[in-house]
Amino acid sequence: MILSCQNVCKEFVDKKVLQGVSFHVEDHEKAAIVGINGAGKTTLLRIIVGEMRPDDGIVTLSKDKTLGYLAQNDAVSTENTIYEELLSVKKELLEVEAGMRACEQDMKNAQGPALDALMKRYGDLTHAFEMGDGYSYRSELVGVLKGLGFTEEEFSKSVSTLSGGQKTRVALGKLLLQSPDLIILDEPTNHLDVNSIAWLETYLLNYKGAVLIVSHDRYFLDKIATKIIEIDQTKATTFLGNYSDYAVKKQQLRVAAMNAYLSQQREIQHQEAVIEKLRSFNREKSIKRAESREKMLDKIERIEKPTEINADMKLTLTPYRESGKDVLKVENLGKSFGDLHLFRNVSFELKRGEHVAIIGDNGTGKTTLLKILNEVIPADEGEFTLGTNVEIGYYDQEHHVLHPEKTLFEEISDDYPYLTNTEIRNVLAAFLFTGDDVFKLIRELSGGERGRVSLAKLMLGNANFLILDEPTNHLDIASKEILEDALNSYSGTVLYVSHDRYFINRTAHRILELTQNHFVNYVGNYDYYLEKRTDHLSALEKQIQRESASGTAGASQSPSPSETAGKSQSSGAQDWKAKKEEQARIRKKENDLKKCEARIAELEARIAAIDEEMSDPEVATKSLKLQELASEQETLRAELDQKYEEWETLAE
């Protein structure tokens, strides 16, 4: 075991974030921490690496083990070139290498004991150099840089001139080259393109040390993780397996927990109804039974209602009107910035209802293409045409469609002035902004919060053609699933750029890969794209495969319509019969209960009438009559007791 967390607790201003969190990571294990935004994942990492002290609990790193940590948006700031910055990680090895070169020079002129001493020192340095993989560190460094998406032309760029995302990739590269016993990564895929993420997966899978990751990238977690640690409602639960294994087990546990909760609630309501009825009989025996049941009810350990996934945020995408069949036609589009040629001769079409994902390396021009289609920037060459009745809804990854100086309320009310104050608050509440949250300034929001505001505006727009740029950035897994479900039920057309392969797999009908300044078309989801992309066939063979796949996309080996219909009818008949039998049983029970209650009412009324009759002075003098009434009353009371018991049984 390399890392152990025992009963870790952390609280901020009376808000419990972590409570009794316990888990461990074994040597060489690949573990992941998951949970919704705000669950405390980053807080837990900061406690593990010593940046923050827990209120209670112990974090233990095994003796003589090293730890490396890359926080979200961690970046380097230096005047070094990219290559020099990564080379600085090998400082000790560079010093050993410099010592070796110095010894080689000195040995040329040394003799006798001095030469012997130099040779011994040279042998020691050579051994240290070999143990530190000195003969391969430069090729490893180049491999890491290329894997993270840097070209050889960029190696000489100054780090100070890079974007925030590029600096984060440099920081990640440095951490990987340090090769600590335990690597801790917080959202490592945020600034990587699809190919770089795939490279990182392979790197981490082959990494000799242990890895602990916080990530919302489900495809990445499926490839890497062998253990999932879920933070939910301040507690930690460990699941063995990858993300898909966790999702299945979590759903099973959620269903079981909800069923147990609902079952207990039904039992509690039933017992309360029985107690109330028994008290209404107003008999000593019934009251005692009611009190006995009440005591039993008080002893029940109440089950808390489980949190329902995706129950809070509500996203429904509905086009205001249907577009024409032809939604978009792009012809020979091209764009360059100076000497940088992003793409040229790009042509493709979109039909109504298609969901198309654009993928490609960082810097190939994917976002630029979306901006051209939204007329944010002009194309250098070519043209595009929108179809009849096409209305665009645009989601920008930088959220330029939002106004930093406005409040959330103003952001919605200014764009949709026909909405009432209550309607605006309801819309914002559907995206988890309640109370005074609606008066926060846009510039004060986190990336995830801005994403939710952009989604709210997208929903209100009622567009029939959605153009989305990295829509899952900064969203937690639950929010991603909400967006996926909304897109899958959306009847309009969708064109989006994303690096989230799980998201692409769930929502894309077609993939356009922007590579070498051109688009390559794949009819299918991300798994299909991977399968076809790895085929080492000629361009003609690939084209034939795509045409073949396009023609047979819907021809899966499923039962014939008649077989399916027959099975469905047979199953439906059985279900219908069982349902009818159950309904009949319930109706009979309800009728028996009503008859029992009616008989109880008759008996109680007759017993009360006998009491009145026996108290009549005229009857009181007639002993024979009194005996008859007393005998009848005794018989009625016996039947009433039996009916009370029968009612109690039926009520159960």
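**Exercise 1. Which residue of β7 does Ala32 stand opposite?**

Solution. This is a predicted model, in which local features need pLDDT of at least 70 and side-chain atom pairs count only at pLDDT 80 or more, while totals for chains, interfaces and linings use all residues. Residues are numbered from 1 along each chain as its sequence is written, and side-chain values use heavy atoms, with hydrogens and water left out.

Step 1. Helices (H or I, at least four residues) and strands (E, at least two) are taken as DSSP runs numbered from the N terminus, and two strands pair if DSSP finds at least two bridges between them.

Step 2. Strand β7 (residues 210-214) pairs with β3 in the parallel sense over four bridges, and within β7 the residue opposite Ala32 is Ile213.

Step 3. β3 is also joined by four bridges to strand β8 (residues 227-232), again in parallel, where Ile229 is the bridge partner of Ile33.

**Exercise 2. Determine how strand β3 is covered on its two faces.**

Solution. Step 1. Buried means under 20% relative accessible area, exposed over 50%, and partly exposed in between (1.4 Å probe, protein chains only).

Step 2. In strand β3 (residues 30-34), five of the five residues are buried.

Step 3. Lys30, Ala32 and Val34 lie on one side and Ala31 and Ile33 on the other, and with all of them buried, both faces of β3 are covered.

**Exercise 3. Find what the salt bridge between Arg283 and Asp641 ties together.**

Solution. Step 1. A salt bridge is a side-chain nitrogen of Lys or Arg within 4 Å of a carboxyl oxygen of Asp or Glu, and by this rule the count comes to 41 salt bridges.

Step 2. The closest N and O atoms of Arg283 and Asp641 are 2.8 Å apart. Because Arg283 lies in the loop between α9 (243-281) and α10 (284-299) and Asp641 in helix α21 (residues 623-651), the pair ties together parts that are 358 residues apart in sequence.

Step 3. As for exposure, Asp641 is partly exposed, at a relative accessible area of 24%.

**Exercise 4. Describe the salt bridge between Glu531 and Lys532, and name the residues of a salt-bridge network.**

Solution. Step 1. The closest N and O atoms of Glu531 and Lys532 are 4.0 Å apart; Glu531 is partly exposed, with a relative accessible area of 46%, whereas Lys532 counts as buried at 18%.

Step 2. A network of salt bridges links Arg218, Lys480, Glu484, Asp485, Asp500 and Arg506.
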